[in-house]
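Hi,

Here is the structure I promised to pass on. Have a look, and then read my notes underneath.

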Amino acid sequence: MEGPSGVVFPQTGGTRSTTALGRAVVADALRAVDPVGARAAEHETNWRHGYLHHFRRLVEAGLLSRDAALTVARDGLASLHARMRYLPAEGAEVDLDRVFDLADPEPLATATVTGAGEVDRGLSLPYRGQRLRGDDLRRRLDAWVDAGVIEPSCAEAVGAVLANPDWLDLRDQRIVVLGAGAEMGPLPSVLRWGGEVVAVDLPRPDIWRRLLRTARRHGGRLHLPVRPGTAGDDAALAAGAGADLLHRLPQAAAWLRGLDGRLVLGNYVYADGATNVRVATAVDALTVHLTGRRPDVALAFLATPTDVYAVPAEAVAHAERGYAARGLARRSLRVLSGGRLLHRNYPPDADSGINDSLVPQQGPNYALAKRLQRWRAAVARDAGTTVSFTVAPPTRTRSVLRNRALAAAYAGAHRFGIEVFEPATSNTLMAALLVHDLRTGGGPAQAHPWRDEAYAAAHGGLWRVPYAPRSALGLAVLLGLGGARA
């Protein structure tokens with residue numbers, strides 16, 4: 001059962017069922033391209049565990065052609081928007097497409113904080129206690145490529161930013177960070193480079209105190225939504241700041257519509273459980289609304305590495321070389337487990353492949369929330385919008401480490417050639433890729449949406465390791481238990 005107001009799941013048999021919504025949206029997304037798959041999703045009786053197969057099928061169905069991939073994306077988004085509802089704090093429930101017809105009685109004002117720190121005019125990356133610049137950073141990128149941790153196109157894109165330090169001057173853009181307090185967002189980097197950040201997060205003073213400290217430390221400018229009349233020191237600003245996308249979406253939309261300059265709408269929101277789908281839907285509705293009224297809006301997304309992706313032939317070949325070179329212990333373990341453990345990442349002689357890194361512990365709501373972002377990125381790019389979409393590496397964020405099994409798996413992942421990043425390394429690397437995309441019109445044009453998703457991916461090694469990730473997950477958990485406790 002969901003909360004009493006804001007973006008909510010539709011009523012199904014007297015309850016607001018996350019399972020019914022997820023099953024229906026996946027089925028609708030598949031229906032035109034894969035009707036058999038659509039029926040299978042509709043009749044799945046154990047969605048909590050059976051969703052893995054259906055989310056893989058969404059990717060496989062889209063590989064038929066560019067049109068097929070876009071049809072899946074458009075139909076999935078249309079289904080979600082048709083089904084989800086908005087329930088104001090006062091008043092009757094409305095369809096999602098009528099949210100922005102509602103007026104909020106308390107419009108937001110804007111406060112601006114200018115940092116006192118020096119502006120960093122060159123790209124640098126924090127990594128294992130050092131700050132890598134210039135040739136040191138290039139060598140680290142090359143080492144990651146050699147180890148299969150990032151795609152070569154990722155190193156090329158970051159290298160282009162290194163070669164063009166003037167790209168880091170983002171004063172000509174307003175980077176809207178939805179979920180400004182998220183560990184993976186670009187807010188610290190953009191402020192370090194002297195840019196303009198529009199921060200959107202919940203009205204929680206602890207979040208805003210932290211963001212204001214970051215803004216004061218760097219050389220950029222932070223624009224934040226505040227209650228009218230809010231003024232004074234940082235304590236007063238933190239107490240009056242915040243915009244609630246989930247429960248007061250019209251209020252947040254009106255504030256963003258009124259901002260000057262070119263907006264880059266960055267989606268970095270996250271919530272636990274079913275709320276993640278609700279807030280992801282709120283952001284998607286906001287995205288449609290703003291892009292329809294401000295054609296110059298650019299979009300930015302960070303994709304999770306724990307999903308299903310089509311990957312290039314080079315990644316498959318890399319994984320196959322590792323599989324052929326595996327040691328006796330791992331070959332024996334596969335035999336002793338009856339083939340359940342450590343099976344190969346891709347079929348023999350595959351050209352491009354399907355990497356299935358979905359993690360059951362994250363659940364179907366997380367998978368749906370992240371898939372919505374992929375669908376929106378594909379549809380928006382096809383419509384001519386500048387889109388930055390990058391697969392981010394596995395990262396030791398607070399939300400991941402709260403899950404004991406995932407924390408243990410991350411602690412043991414290096415045994416299988418997967419590098420798990422610290423948040424400061426990830427968010428700086430992803431911010432550099434955002435800069436690349438904004439300065440190159442969204443990166444090079446690709447023939448198919450799956451290639452857009454694969455471009456510049458920093459998957460941590462999941463695409464290029466010898467073993468299918470789920471077949472090694474249990475072993476990684478066991479090997480990492482000690483490290484996770486530490």
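Below is what I found, going from a helix to a small sheet and then to a single residue.

Before that, the ground rules: this is a predicted model, where local features need pLDDT of at least 70, side-chain atom pairs count only at pLDDT 80 or more, and totals for chains, interfaces and linings use all residues. Residues are numbered from 1 along each chain as its sequence is written, and side-chain values use heavy atoms, with hydrogens and water left out.

Start with helix H4, residues 66-83 (helices are DSSP runs of H or I, at least four residues; strands are runs of E, at least two; both are numbered from the N terminus). Its 18 residues should span 26 Å at 1.5 Å a residue, and the end C-alpha atoms are indeed 26 Å apart; the expected span is 1.5 Å times one less than the number of residues. Buried residues in H4 include Ala68, Leu70, Val72 and Leu77 (buried means under 20% relative accessible area with a 1.4 Å probe, protein chains only). Among the elements covering them are H1, H3, H11 and H14.

Next, the sheet: 3 strands, antiparallel and open, in the order E1-E4-E5. E1 (6-8) and E5 (94-95) are at the edges with a single partner strand each, so one side of each has no neighbour in the sheet. E4 (residues 85-87) pairs with E5 over 2 bridges (pairing takes at least two DSSP bridges), and Tyr86 sits opposite Val94 in E5.

Last, Glu196 belongs to strand E10 (residues 196-200). Glu196 is buried, at 9% relative accessible area.

Cheers

Note on methods: Buried means under 20% relative accessible area, exposed over 50%, partly exposed in between (1.4 Å probe, protein chains only). Contact means heavy atoms within 4.5 Å.
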